[in-house]
Amino acid sequence: SMGGFMSLWLSARYPDLIGSASSFNPGPEFYAGDKGSRMLWRPKDHVANHTHTMVRLIHASGDYIGQYHEETRDAYAPSDVDFEYRRDEYHRHWATSIGETFAFHMRAFGNSALDNVPVEWSHDDPYHQFHVWGYDVEAKGPGKAMVSLENVSQCSMRVSTRQWSPDGPAAERSIAIRTAPLYTAGKNYVLLDHEIGGTATARKDLIADSYGRLSFTVDGAGHQVSFDGPGCGAEPPVL
């Protein structure tokens with residue numbers, strides 16, 4: 001129930017720390033984020049957070065909120081997530097198939113690929129500050145906002161906001177991003193920044209710090225960005 005939700009929520013928030021998550025009859029939604037600006041989080045809206053996590057969902061057939069488990073399954077099943085689903089003929093809002101679920105987690109511990117940093121990843125987060133896959137993000141602005149980093153790779157990413165998920169309007173934000181140490185320390189890079197919905201691509205010169213990180217800031221309107229420099233050929237914006 002709430003514990004099942006927390007399993008999906010915590011593993012979505014910390015995908016670089018948690019390699020597998022199992023959930024028995026999870027609650028479909030709760031509020032998450034900073035005090036005073038919490039947002040409704042439904043796992044089915046943020047499946048991409050789990051593309052580097054093994055996920056198992058167990059549904060007792062007689063559970064009184066079973067329709068929500070089916071909606072969650074329908075969101076995960078066609079995705080790129082390593083996903084398992086089990087439906088047990090049982091009449092209560094309870095935990096079943098516990099032994100099989102422990103075996104699922106043991107398989108995850110034996111999956112060495114989960115120790116690797118993904119070449120490309122996506123992440124939604126309702127907090128004003130968060131750290132994921134070596135990236136530090138701080139989003140300043142009033143009210144509530146879901147910050148989304150999509151298709152993040154060494155050479156490009158999309159940065160956007162939503163006032164609610166999955167399809168709310170953009171939020172007023174100043175989003176400062178410091179990348180993981182993927183670049184050549186002290187070298188010059190060019191940031192190509194195309195605002196989604198705009199017609200022009202802005203250029204900005206960046207210098208990788210002594211750790212090989214790049215830092216830049218965009219607003220919450222939605223931006224497709226790429227880098228040109230050692231290790232990266234600038235990718236034109238694909239909208």
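Where is the place of G220? G220 sits in the loop that runs between β14 (215–219) and β15 (223–228), where helices (H or I, at least four residues) and strands (E, at least two) are DSSP runs numbered from the N terminus. This residue is buried, with a relative accessible area of 2%, and buried here means under 20% relative accessible area, with exposed meaning over 50% and partly exposed lying in between (1.4 Å probe, protein chains only). Measuring from C-alpha to C-alpha, G220 and P78 are 29 Å apart in space and 142 residues apart in sequence.The model is a predicted one, in which local features need pLDDT of at least 70 and side-chain atom pairs count only at pLDDT 80 or more, while totals for chains, interfaces and linings use all residues. Residues are numbered from 1 along each chain as its sequence is written, and side-chain values use heavy atoms, with hydrogens and water left out.

Near the start of the numbering comes strand β1, in which S23 is found. S23 is buried, with a relative accessible area of 1%, and a polar atom of its side chain lies 2.8 Å from the backbone oxygen of G4. The loop between β1 (20–24) and β2 (30–32) holds N25, a residue that is not a glycine and yet has a positive phi of about 45°. N25 is also buried, with a relative accessible area of 1%.

Further along, N49 lies in the loop between β3 (39–41) and β4. N49 counts as buried because its relative accessibility is 3%. Its side chain makes a polar contact with the side chain of H123 at 3.2 Å; a polar contact is a pair of N or O atoms within 3.5 Å, and within protein one atom must be able to donate a hydrogen and the other to accept it, while residues adjacent in sequence count only if both atoms are side-chain atoms.

The next element to follow is strand β4 (residues 54–60), which runs parallel to strand β5 (residues 82–88) and is joined to β5 by seven bridges, two strands being said to pair if DSSP finds at least two bridges between them. Within this pair, I58 stands opposite R86 in β5. The chain passes from β4 through α2 to β5, and this β-α-β crossover is right-handed, a term used if, with the strands pointing away from the viewer, the path from the first strand over the helix to the second runs clockwise. After β5, in the loop that leads to α3 (98–109), S97 is found. S97 has a positive phi of about 55° although it is not a glycine, and at 18% relative accessibility it counts as buried.

Helix α2 also takes part in enclosing a space. Rolling a probe the size of a water molecule over the atoms shows where empty space is left. A cavity is a set of points, on a 1 Å grid over the protein atoms alone, where a 1.4 Å probe fits but cannot get out, and lining residues have an atom within 4 Å of a point. Grid points are joined across faces, edges and corners, and a volume is the space filled by probe spheres set on the points. By this rule there is one cavity of 30 Å³ or more, and the largest cavity has a volume of about 30 Å³. The residues that line the largest cavity are L8, P26, G27, P28, P43, Y68, H69 and T72. Helix α2 (residues 66–76) gives the largest share of this lining, three residues. The lining has five nonpolar, three polar and no charged residues, where Ala, Val, Leu, Ile, Met, Phe, Trp, Tyr, Cys and Pro count as nonpolar, Asp, Glu, Lys and Arg as charged, and the others, Gly among them, as polar.

Strand β8 (residues 135–140) shows an alternation of side chains: Y135, V137 and A139 point to one face and are buried, whereas D136, E138 and K140 point to the other and are not. Strand β7 (residues 129–132) pairs with β8 in the antiparallel sense over four bridges, with H131 standing opposite D136. The hairpin of β7 and β8 has two residues between the strands, and in it W133 takes a positive phi near 50°. β8 also pairs in the antiparallel sense with strand β11 (residues 174–178), over five bridges, and in β11 the bridge partner of D136 is R178.

Before β11, in the loop that follows β10 (156–162), lies P166, which is joined to S165 by a cis peptide bond with omega about 5°. Later in the chain, strand β12 (residues 188–195) contains Y189, which is buried, with a relative accessible area of 1%. Y189 and L206 are 17 residues apart in sequence and 5.0 Å apart in space, C-alpha to C-alpha.

Definitions and conventions
On a 1 Å grid over the protein atoms alone, a cavity is a set of points where a 1.4 Å probe fits but cannot get out, and a pocket is an open set with protein on both sides within 12 Å along at least five of seven lines; lining residues have an atom within 4 Å of a point.
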